[in-house]
Amino acid sequence: MSARNRELLALVPASLLLSAGFAAVFIQRHELVGVQGTNRLTTLSLTYGAIFLGLCLAVHVFLRLRLPYADPYLFPLVATLACFGLVFIYRIDKTLAQDQARWFFVGILAFAATILLLRDYRVLERYRYVIALASLLLLMLPLVPGIGETTNGANLSVRLGSISFQPGEFAKIGIIIFLASYLRDSREMLTTQGTRVLGVNLPPLRQLGPLLVVFGAAMMLLLLIKDLGTSVMFFGGFLAVIYVATNRLVYPAIGLSMFAFGAWFIGRHTAHVQDRIAAWKHPFNDHLYNVVGGSYQLAQSLFAQADGGIFGTGIGQALLKLPSGGTIIPVPQTDLIFAVITNELGLVGACGLLLVYLLFVERGFKTAILARDSFSKLLAAGLTAVFALQVFVIVGGVTKTIPLTGVTLPFVSYGGSSIVANFVLLALLLMISDRSRRPA
Amino acid sequence: MNAPISRLFALVVVMFAVLVYFTSKSTVFNADALRNNPKNQRTLLAQQKIHRGPIRAADNSALARSVPAPGQTWTRIYPPGALFPHAVGYSFTTFGRAGLERYYNDELTGRRNEFSSILDQLAGRKEVGDQLVTHLVPAAQQVALTDLAGRRGAVIAMDPRTGAVQVMASVPGYNQNLLRDPKTATALNKDPASPLFNRTTQSGYPPGSTFKVVTAIAAIDSGRYTPDSTVNGKSPITISGTPLSNDANEQFGDITLTKALTFSVNTVWAQVAKDLGPRIMNKYMRRLGFFADPPLDYPHDQIRPSGEYIHNGQTLVDAADGAVDIGRMGIGQDKLNVTPLQMAMVASAVANGGVLMKPHLGSKIVDPDGRVRDAVQPEQQSRVMSAKSAHEVGVMMAQVVNEGTGTAAALQGIQVAGKTGTAQIDIQNNITQPWFIAFAPVINPRVAVAVTVERTQGGFGGTVAAPIAKDVMETLLR
């Protein structure tokens, strides 16, 4: 079977999942019980399913025409994730789901535009410094007075008119592109040259210099806007790319020790970081629980998961609203959506979702392995690593594996910039894949 | 560059495994601790959202029902106020649950098996609890409370044919509606008069001479005695090395057991109990339900077993224990500690031809659509004695009301059988605990009762407790 036919087939479960999910939400809301017994269940949920399926088919046809050899599973996996997201955002708030669906449409447009305009993604290599600079400027945007927004003590987002977006989501792609193209050139030197100091091969500073400058600036900016989650993602992505480029563990080892020292230093001197760590260690401490930006979020996340148990309460069954009208879990549609999913689908559903992410990551790394040139390999591996880390940072935060920091769950959380940026990431992966699998 | 990519993927797999581990921790391993965390409002909020089914009396009047409260929640109200606080109990998110509200919580909240819940969800049915219909009779309960007139004590009445409990009065009581306010609830909980305490099932009292019915059952059914067997009733006699005398040191010659019960002759029954010995006494006490929680549909920790309590009332033992003075036990003294419910069960077993039925408060569970989901079927707890023995003991008890100590319980036109009791609580200050257990009519009995009043100034079972039993039985037989 051709790659595209397999893709088409793989889309079926995603649309079934979506229809079933919406049906469950409707049942819970008693919306199917019309006065005359009219069967609104079938019409409504199937309409949602049909629109979504239509969009998926459009993307599929587009891929057939433009990237016929690309990996057949990446897009269906994204569609499945999107289903999870849409169903749960719809379940949390109908109007948000309409917004989200619109952002999906914009995301797909960005996806198509990336593929159409970028014909050959390798041109990106030529603009590496432009891209690096643009990424740094993006990260600086939230600091600009008047358009920067502050949430939970961190200023991650930028507001232009009625649209708010998180530049970090786009900067992560830009920085990975820069790293991949830069390391393609200098990887040889990094592996072969260098001065031996005390029996350890130190990397040549001349080659490493520009890299450290750009990367250091990015990290500084992230610290300035207090976006801890994204900074961890960036740092992890950086270590992953440099490790793949050099195949020498000494680089990530040095990186990790730098990170450890940095974390310790920053932790000691930044109240924001200290708060997050304290909230993580003692989520049920009275003071931390009650203080603004304290552990309330994490505690509620854990309570929600405990409520879910192994099989969950069922879609639409979890308690989200207090009798007073407030929400029991703060921002359930973004940072804590994984807690809501675990509450309603249980450990089983949570593992299912993680498995979908793992399969996506597997396809991403497979793409990197199949790629024929260094830049493609590094780019695919870097993008995939950053994607996996993003999942780890937010799911880990919500489950008390690591301190909770606000990043989105890719393709699932509510949020325009996250969806658009991740669709661009998907476009790049598919372009790399198409190129490497194309018969010579 | 492929090897590091593969290793990177392996690392991601490990990291995701860690995520699965932590998710399992919060959903499974630590779930109970998280659910019970005092900061977790979910359980409380979920409870408030449930429309609990009502609890109804035998006449279908509401004893408890739910009314809408702000924020799409429900709160409990108890329309008859202080009528059935102990039997019905209460259910408040701030104060917890007790009584039938606790025992039938699953039914009242509509929690059935997993499968039917899923079907309900698919059918879009709203979560409404089932209603509980009880055997409680408000009119008779009101009579019991009026007759107790604020004196601390307990009245319990049941249908001996089924075990259906119709009256469960415990004084002092309280108004369940007041528990909605946490401060009042805490104050009631700390009240030295313990109004929240159900004296019919939780209070252990010395049963006094009502226990002679138990000794009589053992004597007759074991075949060792007949109602006409004679025993000498002189007073005092020495039991376990201490002199024991009759009331007012009254002297009796050789008298039948019937007469000895009619006039409650201590010395006769002490000799009979001593003669029967611990093995036979234990056998019949056990069949009557002593030494174990009565199988009432009521929370386990609101029921206590009856029997001999040694070590200052801390340890429950049977008649074979070395510390037990079996002669005095046979007349309801020694360290006997029994609940009014247990004594009602004794009367009930005699009334029902020797068969003790399991006492129960609930009658049926009815779903919101009016269909009976579950009916509480009468069940035999044990066969205590033969029908013949039951008849003979019943006739003896009828004599008590006809011409003995219990004449105050006699009903116009209905033959009543009973036994008085007057436990000495404080001999110096003449503080007594009057008792009366009875059933009626003697032929085809329909009601059995136990009545006791705490700490009266020289009151007797026949003068204080018997009139209450009479009024309650009259109301139930009407």
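Here are three short exercises on this two-chain model, each with a worked solution.

The model is predicted, so local features need pLDDT of at least 70 and side-chain atom pairs count only at pLDDT 80 or more, while totals for chains, interfaces and linings use all residues. Residues are numbered from 1 along each chain as its sequence is written, and chains are lettered from A in the order in which they are written.

**Exercise 1. Work out which helix of chain A gives the most to the side that touches chain B, and how helix 13 of chain A packs on helix 1 of chain B.**

Start with the contacts: 47 residues of chain A touch 38 residues of chain B, where a contact means C-beta atoms, placed from the backbone, within 7 Å. Next, look for the top contributor on the chain A side: that's helix 13, with 12 residues. Helices here are DSSP runs of H or I with at least four residues, and strands are runs of E with at least two, numbered from the N terminus.

Now the geometry. Helix 13 (residues 337-370) of chain A packs against helix 1 (residues 2-29) of chain B at about 175°, with the axes 10 Å apart. So the two helices are roughly antiparallel, a label for angles over 145 degrees. Their contact has 18 nonpolar, six polar and one charged residues; Ala, Val, Leu, Ile, Met, Phe, Trp, Tyr, Cys and Pro count as nonpolar, Asp, Glu, Lys and Arg as charged, and the others, Gly among them, as polar.

**Exercise 2. Find the residues with the most contacts inside the largest nonpolar core.**

A nonpolar core is a set of buried Ala, Val, Leu, Ile, Met, Phe, Trp, Tyr and Cys residues joined through C-beta atoms within 7 Å; buried means 20 or more other C-beta atoms within 10 Å of a residue's own. The largest one holds 148 residues, and Val241(A) and Ala381(A) have the most contacts inside it. Helix 14 (residues 374-398) of chain A gives the most to this core, 17 residues. Beyond four places in sequence, the contacts of Val241(A) include Ile176(A), Leu183(A) and Ala381(A).

**Exercise 3. Sort out the strand order 14-13-15 in chain B: which strands are at the edges?**

The three strands form an open sheet with antiparallel pairing; two strands pair if DSSP finds at least two bridges between them. Strand 14 (315-317) and strand 15 (336-337) each pair on one side only, which puts them at the edges. Strand 13 (residues 307-310) joins strand 14 over three bridges, and Tyr309(B) has Leu316(B) as its bridge partner in strand 14.

Note on methods
Axes are lines fitted to C-alpha atoms, for helices over the stretch in contact, and angles run from 0 to 180 degrees between N-to-C directions. Angles under 35 degrees count as roughly parallel, over 145 as roughly antiparallel, 65 to 115 as roughly perpendicular and the rest as oblique. A residue is buried if 20 or more other C-beta atoms lie within 10 Å of its own, exposed if 12 or fewer, and partly exposed in between; C-beta atoms are placed from the backbone. Two residues are in contact if their C-beta atoms, placed from the backbone, lie within 7 Å.
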